[in-house]
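Me: I am new to this structure and should like to go through it by question and answer. Please show the sequence and the model before we begin.

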Amino acid sequence: MIDNTWPLAVFDLDGTLADSSHRQRFLDRRPRDWDAFFAAAPADPPLAEGVALCREAAGDCEVVYLTGRPERCREDTLAWLAEQGLPDGALHMRRNDDRRPARVTKLQILRGLGRGREIRMLVDDDELVCDAAEQAGFRVVRARWTAPSEALKDAQEREGRT
């Protein structure tokens with residue numbers, strides 16, 4: 001039984017737990033096809049390194065998921081997490097109308113989570129999110145087990161989409 005005295009292990013989804021590379025083609029075109037990008041998310045293969053780290057962290061931490069995906073993707077995202085056998089945990093998502101950079105939205109949520117709770121680690125593949133979290137004093141594990149996508153990086157920073 002997990003209680004609220006346990007430290008938190010915070011995991012990103014795309015590029016950390018979920019291999020979103022098959023969806024990148026929707027971001028390479030102009031205009032970007034965000035509906036198709038998110039509609040394809042349920043088909044994401046799991047990333048073995050991230051999944052293993054998440055399961056390991058669940059042994060002595062409460063797992064929390066922090067994603068730049070919009071709230072409208074909640075049902076698909078929860079189903080994907082369950083299908084992968086990942087630990088139960090709160091899912092924090094971007095508001096549908098929130099277009100701020102991922103480094104801003106995620107850090108705001110991370111700070112809120114850290115009020116009164118130890119955050120043992122944030123695991124994320126976005127270098128700008130990782131840099132901001134480290135500068136704010138959080139321990140970061142950089143998910144470098146997939147090749148970064150320039151289109152996704154641009155979308156996270158400039159368009160506030162994921």
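**The sheet and its surroundings**

Reply: To begin with strand β4, five of its six residues are buried, so that the strand is mostly covered. The model is a predicted one.

Me: In what order do the five strands of the open sheet stand?
Reply: The pairings give the order step by step. β3 and β2 pair over four bridges, and β2 pairs with β1 over four bridges as well. β1 pairs in turn with β4 over four bridges, and three bridges join β4 to β5. The pairing is parallel, and the order is β3-β2-β1-β4-β5.

Me: Which strands stand at the edges of the sheet?
Reply: An edge strand has a single partner, so one side of it is left without a neighbour in the sheet. The strands in that position are β3 and β5.

Me: What is the average twist from one strand to the next?
Reply: The strands of this open sheet are paired in the parallel sense. From one strand to the next, the twist averages 20 degrees.

Me: Which helix packs on the sheet and touches β1, β2, β4 and β5?
Reply: The direction of this helix makes about 160 degrees with that of β1. The helix spans residues 48-57 and is α3.

Me: Which residue stands opposite Y65 in β3?
Reply: Y65 belongs to the parallel pairing of β2 and β3, where β3 covers residues 90-94. The residue opposite Y65 is L91.

Me: Which residue of β4 is the bridge partner of F11?
Reply: β1, which covers residues 8-11, also pairs with β2, and there L8 stands opposite E62. On the β4 side, V10 stands opposite L122. For F11, the bridge partner in β4 is V123.

Me: Through which helix does the chain cross from β4 to β5?
Reply: β4 and β5 run parallel, and D124 stands opposite R142 in β5. The β-α-β crossover between these strands is right-handed, and its helix, residues 127-135, is α6.

Me: Which helix lies between β2 and β3 in their β-α-β unit?
Reply: β2, residues 62-70, is mostly covered, with eight of its nine residues buried. The unit that β2 makes with β3 is right-handed, and its helix, residues 74-83, is α4.

**Cores and single residues**

Me: Which element gives the most residues to the largest nonpolar core?
Reply: This core has 28 residues, of which F11, L17, C54, Y65 and L86 touch the most other members. Elements that give two or more residues to it are β1, α1, α2, α3, β2, α4, β3 and β4. With four residues, the element that gives the most is α2.

Me: How many residues are in the second, separate core?
Reply: Nonpolar side chains tend to be buried together in soluble globular proteins. The second core includes A102, L110, V129 and A132, and its number of residues is 16.

Me: Which residues of β3 does Y65 touch, leaving aside its neighbours within four places in sequence?
Reply: The contacts of Y65 include F11, L13, L17, C54, L81, L86, P87 and G89. β3 covers residues 90-94. Of the contacts of Y65, those that fall in this range are A90, L91 and H92.

Me: Is V141 buried or exposed?
Reply: V141 lies in strand β5, and its contacts beyond four places in sequence are L53, M121, L122, V123 and D124. Its relative accessible area is 19%, and the limit for a buried residue is under 20%. V141 is therefore buried.

Me: How far apart in space are V141 and D125, C-alpha to C-alpha?
Reply: In sequence, V141 and D125 are 16 residues apart. In space, the C-alpha to C-alpha separation is 8.6 Å.

Me: How many disulfides does the structure hold?
Reply: A disulfide is a covalent bond between the sulfur atoms of two cysteines. C54 is buried at 0% relative accessibility, and C73 is buried at 8%. The number of disulfides in the structure is zero.

Me: Which residue does a cis peptide bond join to R30?
Reply: The omega angle of this bond is about -5 degrees. The partner of R30 lies in the loop between α1 and α2, and that residue is P31.

Terms used
Residues are numbered from 1 along each chain as its sequence is written. This is a predicted model: local features need pLDDT of at least 70, side-chain atom pairs count only at pLDDT 80 or more; totals for chains, interfaces and linings use all residues. Side-chain values use heavy atoms; hydrogens and water are left out. Buried means under 20% relative accessible area, exposed over 50%, partly exposed in between (1.4 Å probe, protein chains only). Two strands pair if DSSP finds at least two bridges between them. A crossover is right-handed if, with the strands pointing away from the viewer, the path from the first strand over the helix to the second runs clockwise. Axes are lines fitted to C-alpha atoms, for helices over the stretch in contact, and angles run from 0 to 180 degrees between N-to-C directions. Contact means heavy atoms within 4.5 Å. A disulfide is a pair of cysteine sulfur atoms within 2.5 Å. A nonpolar core is a set of buried Ala, Val, Leu, Ile, Met, Phe, Trp, Tyr and Cys residues joined through side-chain atoms within 4.5 Å.
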